[in-house]
Amino acid sequence: MGNVFVFDHPLIQHKLTYIRDKSTGTKEFRELVDEVAMLMAFEITRDLPLQDVEVETPVTAAKAKVLAGKKIGLVPILRAGLGMVDGVRKLIPAAKVGHVGLYRDPETLQPVEYYIKLPSDINERELIVIDPMLATGGSANDAIASLKKRGAQNIRLMCLVAAPEGVELIKKEHPDVDIYLAALDEKLDDHGYIVPGLGDAGDRLFGTK
């Protein structure tokens, strides 16, 4: 069963407060999201396996640790997920980045992929699906399903804020996927917005309305 991790690190919580603040402008909002994504990546990668190597320090030979070569893939859900990618890549520069763009057909309500481009070896990678908002959970659910049907086996979901409804959907539909959050908020409102949330992450990242 997938686990839900809510990061209570003081720096994450401090910066998230300013992300929520409606008076925070686009430039500062983007920088804060980037910083929180980097801090979250630090926590998400805590269990990456290590292996022993030997290096020559200026003093002597020493045994040390390096990452054991587990391949990482980052998959932002377009478009808001793009705002978190660079923060993660600062810590994991070797990670390959794929992209998933989806919308729901207004008549059939089925997900339609309008763009998908992934590393060729996603079945060998630990994938981190990235989306600032987990509201109803529809987009993340569809994106994870798209990855699985292409052979992905190890998937984690990383979001800034989530509503309980979205978390429950992912746990039900994808019980093997761990969920990482900076905050688990109260609920969804009648328009599907997370309460208290932070508004529309895509609009606030890119200055659109």
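## Helices α4 and α5

In this predicted model, α4 and α5 run roughly parallel to each other, because their axes cross at roughly 25° and angles under 35 degrees count as roughly parallel. Helix α4 covers residues 138-149, and helix α5 covers residues 164-173. Their axes come within 9 Å. The crossing of this pair is right-handed.

Which residues make the contact? On the α4 side they are Gly-138, Ala-140, Asn-141 and Ile-144. On the α5 side they are Leu-169, Ile-170 and Glu-173. By class, the contact of α4 with α5 has 4 nonpolar, 2 polar and 1 charged residues.

## Helices α1 and α2

Helix α1 spans residues 10-20. It packs with α2 at an angle of about 155°, and the two axes are 9 Å apart. Angles over 145 degrees count as roughly antiparallel, so α1 is roughly antiparallel to α2. The crossing of α1 and α2 is left-handed.

From α1, the contact takes in Leu-11, Ile-12, Lys-15, Leu-16, Tyr-18 and Ile-19. They meet Phe-29, Leu-32, Val-33, Glu-35, Val-36, Leu-39 and Met-40 of α2. Nonpolar residues number 11 in the contact of α1 with α2. Another 2 residues are charged, and no polar residue takes part.

## Helices α2 and α3

Helix α2 runs over residues 26-44. It also packs with α3, which covers residues 82-91. Here the axes lie 7 Å apart, at an angle of about 45°. That angle is neither under 35 degrees nor in the range 65 to 115, so α2 and α3 are oblique to each other. Their crossing is right-handed.

On α2, the contact residues are Val-33, Asp-34, Ala-37, Met-38, Met-40, Ala-41 and Phe-42. On α3, they are Gly-83, Met-84, Asp-86, Gly-87, Val-88, Lys-90 and Leu-91. The contact of α2 with α3 divides into 9 nonpolar, 2 polar and 3 charged residues. Val-33 of α2 meets α3, and Val-33 also meets α1. Met-40 of α2 likewise appears in the contact with α3 and in the contact with α1.

## The largest pocket

How much volume does the largest pocket have? The value is about 670 Å³. Its lining counts 26 residues. Closest to the centre are Asp-131, Met-133, Ala-135, Ser-139 and Asp-200.

Which element gives the largest share of the lining? Helix α4 does, with 4 residues. At least two residues each come from β6 (99-104), β9 (133-134), α4 and α6. The lining of the largest pocket has 13 nonpolar, 8 polar and 5 charged residues.

## The cavity

A search of the whole structure turns up 1 cavity of 30 Å³ or more. The largest cavity holds about 40 Å³ of space.

Ile-44, Thr-45, Leu-48, Ile-72, Glu-126, Ile-128 and Arg-156 form the lining of the largest cavity. Ile-44 falls within the residue range of α2, 26-44. Ile-72 falls within the range of β4, 72-76. By class, the cavity lining has 4 nonpolar, 1 polar and 2 charged residues.

## Cis peptide bonds

Where do cis peptide bonds occur? One joins Leu-78 and Arg-79, with omega about 0°. Arg-79 sits in the loop between β4 (72-76) and α3 (82-91).

Another cis peptide bond joins Val-195 and Pro-196. Its omega is also about 0°. Pro-196 lies in the loop between β13 (194-195) and α6 (201-206). Helix α6 also supplies at least two residues of the lining of the largest pocket.

Notes:
Residues numbered from 1 in each chain as written. Predicted model: local features only at pLDDT ≥ 70, side-chain atom pairs only at ≥ 80, totals over all residues. Heavy atoms only, no water. Axes fitted to C-alpha atoms, helices over the stretch in contact; angles between N-to-C directions. Left-handed = near helix turned anticlockwise from the far one by under 90°. Contact = heavy atoms within 4.5 Å. Nonpolar A, V, L, I, M, F, W, Y, C, P; charged D, E, K, R; others polar. 1 Å grid on protein atoms, 1.4 Å probe; cavity = no way out; pocket = protein on both sides within 12 Å on 5 of 7 lines; lining within 4 Å. Points joined across faces, edges and corners; volume = space filled by probe spheres on them.
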